[in-house]
Amino acid sequence: MFKAIFFDPLYKALAFISTNIPGSDLGIAIITLTLIVKFILLPFYHQSLVTQIKLKRIDPEIKKIKERNKDNKTEETKQLLGLYKDNKINPLMGFVVILVQIPIIFALFYVFKDSASLQGANHIFLGFLDVTKRSLVAALLTGLTQFIQIKLSLPNLPVLSGERTMKDDFARSMHFQMKYFMPVIVMVVAAGLPAALSLYWITSNVFSIIYEVLVRRIMLTKI
């Protein structure tokens, strides 16, 4: 079912694009298909991003509610739900977006991984990068764009004025690992895969970075 619903249509779309663009450049076809999928998923991504930005904005209020009601979880939940309602926030939106995207992301991964088998496609992206081979440069760019994208999406850690707790240390440790270790892991994984996957990853990251910057600026003008 996964193959019929997701893999086959995306693979055929890649084959169609690669045979109908100048030079049959497989790299350009990968970028094109990635952008098409990103635009299709844009309404979900937009809602998730707006929710994320709003949650960052009311984070101080969330912390105050949790501090006031640390011994009363029922009241804490009630006040948090009221706060979300007042700010028109659906905290489950991010989870819904992930569920929608997971099968498509996996399908794209396998489509681009198998792209070397496409008949008639030119595997040399822009005349210098063979997308069917591994590329350290492409892997480094993947890690770099992943770092920028994660840095944009992670909330800023508050400056601690009092005594640090185990919870504070754990939060800072997770923040550090997400910000620095995750891009390194992505880079290492990309280095062992065909450059086609790196090209997909880079395109996806750059799209997310540009869109998030634009949305943030637009929302700042509305404050």
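Among contacts in the protein between residues at least 6 apart in sequence, what percentage join residues at least 24 apart? The share is 77%. Keep in mind as we walk through it that this is a predicted model.

Let's start with the overall layout. The protein has 9 helices and 2 strands. Following the sequence from its start, you meet them in the order α-α-α-α-α-α-β-β-α-α-α, with the two strands sitting between α6 and the last three helices. The protein comprises 223 residues, and 37% of them count as buried. On the outside, about 13700 Å² is exposed, and 67% of that area comes from carbon and sulfur atoms.

Part of that outside is worth a visit. Phe2, Phe95, Leu99, Ile102, Phe106 and Tyr110 together make a nonpolar surface patch of about 600 Å². Which helix gives the most to the patch? That is helix α6, spanning residues 93-113, with 5 residues. Leu99 is a handy place to center your view, since this patch member lies in helix α6.

Next, turn to a pair of helices that follow one another in the chain. Two packed helices are described by the angle between their axes and the distance between the axes. For helix α3 (residues 42-57) and helix α4 (residues 59-68), the angle is about 60° and the axes are 4 Å apart. Angles of 65 to 115 degrees would count as roughly perpendicular and those under 35 degrees as roughly parallel, so α3 and α4 are classed as oblique to each other. To see where they touch, select Leu55, Lys56 and Arg57 in α3, which meet Asp59, Pro60 and Ile62 in α4.

Finally, let's look at charged side chains. How many salt bridges does the count come to? The count is 1. The partners are Arg216 and Glu212, whose closest N and O atoms are 2.7 Å apart. Both belong to helix α9 (residues 195-221), and because they are 4 residues apart there, about one helical turn separates them.

Are the two partners buried or exposed? Glu212 has 1% relative accessibility, so this residue counts as buried, the cut-off for that class being under 20%. Arg216, at 22% relative accessibility, counts as partly exposed. The salt bridge in α9 therefore joins a buried Glu212 to a partly exposed Arg216.

Key
Residues numbered from 1 in each chain as written. Predicted model: local features only at pLDDT ≥ 70, side-chain atom pairs only at ≥ 80, totals over all residues. Heavy atoms only, no water. Buried < 20%, exposed > 50% of the residue type's maximum accessible area, 1.4 Å probe, protein only. Contact = heavy atoms within 4.5 Å. Areas by Shrake-Rupley, 256 points an atom, 1.4 Å probe, with all protein chains shown as cover. Patch = residues over 30% accessible without salt bridge, like charges linked within 9 Å, V, L, I, M, F, W, Y side chains within 5 Å. Salt bridge = Lys/Arg side-chain N within 4 Å of Asp/Glu carboxyl O. Axes fitted to C-alpha atoms, helices over the stretch in contact; angles between N-to-C directions. Parallel < 35°, antiparallel > 145°, perpendicular 65-115°, else oblique.
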